[in-house]
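Trainee: I would like to learn how the words used for a protein model are justified. Could we go through one together?
Mentor: Gladly, here it is.

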Amino acid sequence: MPLTDTHIRSLKPDSKPRKYFDGGGLFLYVPTSGSKLWRMAYRFDGKSKLLSFGEYPSVSLRDARERREDARRLLAKGVDPSEQKREEKKARISAERESFQNIAREWHETRMAEFSEKHQGTVMYRLKTYIFPRIGKTHIAKLETRDIMEVVKPLEQRGNYETSRRVLQIINQVFRYAVITGRAKHNIAADLRGALRPRKTVHRAAVLEPEKVGQLLRDIDAYEGYFPLVCALKLAPLVFTRPTELRAAQWKEFDLESGEWRIPAERMKMRRQHLVPLSRQAMFILRELQKYSGEGKFLFPSIRTEVRPISDATMLNALRRMGYQKHEMSVHGFRSIASTLLNELGYNRDWIERQLAHGEQDEVRAAYNYAEYLPERRKMMQDWADYLDGLRNTQQKRNKEGVCKRTP
């Protein structure tokens, strides 16, 4: 007689396990203790076999009967339902293990380690916000170009052009990693080159004419404010570092006897140690600042607490109070000034790029590049500081030839 829900609910464990049959091989197994279990007995290739459907009541009587019918259809086609179930389980495990999301997290942990924590966080934010909700759970080998376009195209259509480009770049890098590690045969993201609107180059605002640079330096000298902030503004054009690297500078990184600033890898964007030769002018500023904050951790402690450096906005706000608008000058613009004018003055491009700590394509070379061209860079940095003094001390346009002696 077929089972009913009322009958099943009334069944209690006995001193021995019991089987209650519903027909077609389906039965409910009631052990001496624990949950009631659905099972199906069948024969395949002349052998008796058993198939499990789950616990009651999580799997209802109706669900168990549907699964029985599915199994019988497979048997009619000559397919072993137990083997089919094992293959489906393997496919689910594989899909989860080799999903885009899992591979992306593995790539992030492996390949992003050399970047700053801030950059790592930005990449993970984009993965979690824009990518994982759409394609995260899909097996990476099953993704197609249209799936990728459904991630990036809506961002572009909303006007988030830079975000759409960055998101596609992340997907491309994850696919490259998947191909290298044997989880995908082809990088389909590479096929989407040209699918998004061309990138508009956005230059960091900076005053680049020598006479305007001289005026900027005079404005900084005349600025009256928090002493560490003033020192940070004076050092910015002399060291070429990124704003975050400068504002979070720590005294333990400086060797004032040797005139060197060694920024540890964990504070650099590219996660590699960087060496900054210090000019006489930079050393003078540092020694004056040392009298103020030398007993603490940071060169430029926050005005509110010594346990944190000045914020990202502090230096920028000072420039705005001096009268420099958003389109005229940014804190990052000090790097642009150095790069532009030193190149115009004829200095070796490699020296300039090394001092700016731009990315190195050769990984082996990059590991040892912090001291590369050090004698040449040391002289260039002193020449540059002297050149800035020249710009600061005149109101008139100066002839660049001879003001900053070009090194052959």
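Trainee: Why is Trp-384 called buried?
Mentor: Buried means under 20% relative accessible area, exposed means over 50%, and partly exposed is in between (1.4 Å probe, protein chains only). Trp-384 has a relative accessible area of 1%, so it is buried. Before we go on, please note that this is a predicted model, where local features need pLDDT of at least 70 and side-chain atom pairs count only at pLDDT 80 or more, while totals for chains, interfaces and linings use all residues. Residues are numbered from 1 along each chain as its sequence is written, and side-chain values use heavy atoms, with hydrogens and water left out.

Trainee: How many aromatic pairs are there, and what makes two rings a pair?
Mentor: Rings of Phe, Tyr and Trp (its six-membered ring) pair if their centres lie within 6.5 Å; planes under 30 degrees apart are stacked, over 60 edge-to-face, and the rest tilted. That rule gives 10 aromatic pairs. In one of them, the centres of Phe-240 and Trp-384 are 6.1 Å apart and the planes are at 85°, so this pair is edge-to-face. The two residues are 144 apart along the chain: Phe-240 is in the loop between helix 9 (227-239) and helix 10 (243-247), and Trp-384 is in helix 16 (residues 374-392). Helices here are DSSP runs of H or I with at least four residues, strands are runs of E with at least two, and both are numbered from the N terminus.

Trainee: What makes the pair of Trp-384 and Tyr-387 tilted?
Mentor: Their planes are 40° apart, with 5.6 Å from centre to centre, and the pair is tilted. Both residues lie in helix 16, three residues apart, about one turn of the helix. Tyr-387 has 1% relative accessibility, so it counts as buried.

Trainee: Is Tyr-29 buried or exposed, and how do you know?
Mentor: With a relative accessible area of 19%, Tyr-29 is buried. Tyr-29 belongs to strand 2 (residues 26-30).

Trainee: What makes the contact of Asp-22 and Arg-65 a salt bridge?
Mentor: A salt bridge needs a side-chain nitrogen of Lys or Arg within 4 Å of a carboxyl oxygen of Asp or Glu. For Asp-22 and Arg-65 the N to O distance is 2.8 Å, and their side chains meet in a salt bridge. This pair links distant parts of the chain, with Asp-22 in strand 1 (residues 18-23) and Arg-65 in helix 2 (residues 61-76), 43 residues apart. Asp-22 has a relative accessible area of 9%, so it is buried; Arg-65, at 27%, is partly exposed. Both belong to a network of salt bridges with Arg-68, Glu-69 and Arg-72.

Trainee: How many salt bridges does this rule give?
Mentor: The count comes to 25 salt bridges. Another one joins Arg-86 and Glu-83, whose closest N and O atoms are 2.7 Å apart. These residues are three apart in helix 3, so about one helical turn separates them.

Trainee: Why is Arg-86 called partly exposed?
Mentor: Its relative accessibility is 44%, so Arg-86 counts as partly exposed. Glu-83, at 34% relative accessibility, also counts as partly exposed.
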